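Colleague: Could you pick one part of this model and take me through it closely? I am new to this, so please keep the sentences short and tie each detail to its neighbours.

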Amino acid sequence: VLRAATRLEGRWEEIYRPEFRKARQRLAAQGEDPDQRLLTAMREHLVRSLFERCVTASSPVLRQPLVVQRRMIDPIAAIVRGPVYGGQYESPPPAALAKSGVTPLVTQTMDRPLVFLDTSNQPNFADTLDGTGFLNRLEAEWVAKAARIWDRELAARGERDVTASVLTFYKAQVRQIRRELGHPRYPGFRVLRFQTVDAIDRLQGQESDLVFLSFCRTRRGRPPEDFGLWLQDLRRLNVACTRARRALVLVGHRRTLSRLSGVAEAKPFYDNLFRILDDRPDVARVMSDLRTAR
C-alpha cells in the first residue's frame, strides 16, 4: 500500500481524487459502507497476486496440483512434506533425480545429507541481543567450522564448484556469520561457492547444493508463547529448508526448538523434523559437539 501511495504522489489530485469521489458516492448510494468496500478492493488488487486470483476464479477442471518435486533429494523434501504440504509433495525415485544431478552430498565427517548441529549441551549456547536483533556467536562459529570441513573433505576427493548458501532469521546473525566466513571473498574456500549468506526474507528463489541454516535463538527452560515467532513462521521455515538441493545442515538449540509453542502450525514442523533426525539414521545425523571434528 505504501509503495502504491508513493507512485500516486503528484497524480492524486489530477487523476485519482475525482474517480475516488465518484466511486465512494456510488457505493454509498447502493447502501454499502464505501470505506470498507474500497479497502477490500484495494487489498484484493494490491495484496493478492494475479496468479492467486486466476486460480480462485477458474473452473476446477482447469486446475492441476503440482505434487511432484524434482529440485532436492527426498530426505530434505520429507521435512516439509507433511507439515507444509499435507503429504502432497512427492519425490521421484533417486535414480530419476540423479539424472538431473540431484544426489546426496556427503563427506567423511558429514556422512549424512541431513545434519543437525545441536548446541544444547554447550556451556556458551546462548544468543545475545544486538541492537533490536539477535546473534549467536557459537552457532556462527559452528557454521563456519562445518563449512570448512565440507570444503576440505570435498576438495580431498576432487570435487569442484559446489554451490552453498547460509541462511538465518536475523540480520545481526547474518553479519556475525559473514565475519566468521570472511565475507565477501571467503578466503580459504576451494570448493564451496557461496551464493547467498543472508536473512531468509532476502531470498529471491535461489537454490544451492548445500545449505546451512542457523536458528540463532535459545532459551533456558520452556520459552513463552511469544518467543522466537520468526522461528515459528511456517513460510520462512519452508523457504529455508527447500533451498537445499543435495545437503542441509541445521544449526540450533534443540531444547529450545522442540519447546516452541506460540504458533500451532510450527509444532508439527519441528515434531516431524526431529522424528526424521531420530528415526532415519540412514539419511540424518545429529552432532552435539563440533569441537571434536577435525
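Modeller: A strand here is a DSSP run of E with at least two residues, and strands are numbered from the N terminus. Val249 is found in one of these, strand β7, which covers residues 244-252. Keep in mind that this is a predicted model.

Let us set the scene first. The protein chain has eleven helices and eight strands. Its C-alpha atoms fill a box of roughly 75 × 50 × 40 Å along the principal axes. Of its 294 residues, 43% count as buried. Take the contacts with a separation of 6 or more: 78% of them link residues 24 or more positions apart.

Now stay with Val249. Is Val249 buried or exposed? Its relative accessibility is 0%, so Val249 counts as buried. Which residues touch Val249, leaving aside its neighbours within four places in sequence? They are Val115, Leu117, Trp150, Leu210, Val211, Phe212 and Leu213. Another pair to find is Val249 and Arg285, which are 36 residues apart along the chain. Their C-alpha atoms are separated by 9.7 Å.

One of those contacts, Leu213, leads to the next strand. Leu213 is in β6 and stands opposite Leu167. β6 covers residues 208-214 and runs parallel to strand β4, with five bridges joining the two.

That brings us to the part I want to look at most closely, β4. This strand spans residues 162-168. Six of its seven residues are buried, so β4 is largely enclosed by the rest of the structure. β4 also pairs with strand β5, residues 192-199, in the parallel sense. Seven bridges hold that pairing. Within it, Thr163 stands opposite Arg193 in β5. How does the chain get from β4 to β5? The path goes through helix α8, residues 171-181, and this β-α-β crossover is right-handed.

The connection has a detail worth finding. Pro184 lies in the loop between α8 and β5. A cis peptide bond joins His183 to Pro184, with omega at about 10 degrees.

Look at the other end of β4 too. Asp161 is found in the loop between α7 (137-156) and β4. Its phi is near 50 degrees, a positive value in a residue that is not glycine. Is Asp161 buried or exposed? The answer sits in between: with a relative accessible area of 45%, Asp161 is partly exposed.

Next, follow the chain on from β6. Cys216 is found in the loop between β6 and α9 (234-241). Cys216 also has a positive phi, about 80 degrees, although it is not a glycine. Its relative accessible area is 0%, so Cys216 is buried.

Then comes α9. Six of its eight residues are buried, so this helix is largely enclosed by the rest of the structure. Which residues are they? They are Leu234, Arg236, Leu237, Asn238, Ala240 and Cys241. A general point helps when you turn a helix on the screen. An α-helix has 3.6 residues a turn, so residues three or four places apart point the same way. What covers the buried residues of α9? The cover includes α5 (74-85) and α11 (266-279), along with β4, β6 and β7. So our strand β4 is part of that cover.

One residue of α9 deserves a stop: Arg236. Its relative accessibility is 12%, and the cut-off for buried is under 20%. Arg236 therefore counts as buried. Leaving aside neighbours within four places in sequence, Arg236 is in contact with Phe169, Ile200, Asp201 and Trp230.

Finally, step away from this region. Asp33 is found in the loop between α2 (12-29) and α3 (34-46). With a relative accessible area of 43%, Asp33 is partly exposed. How far is the C-alpha atom of Asp33 from that of Gly228? The separation is 39 Å, and the two residues are 195 apart along the chain.

Two chain-wide values round this off. The accessible surface comes to about 16,500 Å², and 51% of it belongs to carbon and sulfur atoms. The chain carries 50 positive and 35 negative charges, and their mean positions are 3 Å apart.

Key. Residues numbered from 1 in each chain as written. Predicted model: local features only at pLDDT ≥ 70, side-chain atom pairs only at ≥ 80, totals over all residues. Heavy atoms only, no water. Buried < 20%, exposed > 50% of the residue type's maximum accessible area, 1.4 Å probe, protein only. Helix = DSSP H or I, 4+ residues; strand = E, 2+ residues; numbered from the N terminus. Pairing = 2+ DSSP bridges. Right-handed = clockwise from strand over helix to strand, strands pointing away. Contact = heavy atoms within 4.5 Å. Areas by Shrake-Rupley, 256 points an atom, 1.4 Å probe, with all protein chains shown as cover. Lys, Arg positive; Asp, Glu negative; His and termini not counted. Charge placed at Lys NZ, Arg CZ, Asp CG, Glu CD.
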